[in-house]
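Visitor: Please take one part of this structure and go through it closely. I would like to see how its strands are arranged and what is attached to them.

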Amino acid sequence: MSEVTHRGSCNCGAVRFEIEGTLGPFGFCHCRTCRKASGTAFTANASVKRAQVRFLGGEDAIRRYESSPGVFRCFCGTCGSPIYKEQPELPGTIRIRLGTLDTDVGAKPLAHAFWSEKADWYDLKGEMPVYETWAPVLTGKK
């Protein structure tokens with residue numbers, strides 16, 4: 001790895017990691033599964049190549065839960081902090097939970113995804129576009 005641009009950790013500090021390079025585009029996902037996994041109104045995740053991530057400690061503490069077929073939520077087995085999501089259909093890519101970063105993200109969210117599933121108590125969309133399902137602007141492809 002050449003240049004570390006982000007560092008992150010779980011709440012208890014058992015899992016610590018570095019990310020080389022920039023994060024992929026991100027927004028807020030309001031789907032029911034993300035809300036359940038985070039315990040909040042939405043999640044903020046960015047795609048990164050798995051090869052860009054280096055664990056400094058606690059990789060063996062990470063537990064995996066298959067939240068839906070082929071989607072694995074990976075979290076600290078000690079404190080429960082969600083760390084990333086992975087899917088075998090997207091080999092080599094993980095979606096880092098931005099709340100685990102100890103460094104600034106350095107970007108702003110681009111859109112709200114799965115607005116159709118949002119919590120009934122949340123409606124602050126701000127200036128970002130809203131998509132009823134997946135937000136194509138979050139794929140990084142134009």
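Guide: Two strands pair if DSSP finds at least two bridges between them; strands are DSSP runs (E, at least two residues), numbered from the N terminus. This is a predicted model, in which local features need pLDDT of at least 70, side-chain atom pairs count only at pLDDT 80 or more, and totals for chains, interfaces and linings use all residues. Residues are numbered from 1 along each chain as its sequence is written, and side-chain values use heavy atoms, with hydrogens and water left out.

The part chosen is an open sheet of three strands in the order E1-E2-E5, paired antiparallel. Strand E1 (4-9) and strand E5 (53-57) are its edges, each pairing on one side only. On average, neighbouring strands of this sheet are turned by 25° against each other, direction ignored (axes are lines fitted to C-alpha atoms, and angles run from 0 to 180 degrees between N-to-C directions).

Strand E2 (residues 16-20) is joined to E5 by four bridges. Arg-16 stands opposite Gly-57 in E5.

Strand E5 also holds Phe-55, while Tyr-84 lies in strand E8 (residues 82-86), so their pair ties together parts that are 29 residues apart in sequence. Rings of Phe, Tyr and Trp (its six-membered ring) pair if their centres lie within 6.5 Å; planes under 30 degrees apart count as stacked, over 60 as edge-to-face and the rest as tilted. The centres of the Phe-55 and Tyr-84 rings are 6.4 Å apart and their planes are at 50°, so this pair is tilted. Phe-55 and Tyr-84 are both buried, meaning under 20% relative accessible area with a 1.4 Å probe, protein chains only.

How values were computed:
Buried means under 20% relative accessible area, exposed over 50%, partly exposed in between (1.4 Å probe, protein chains only).
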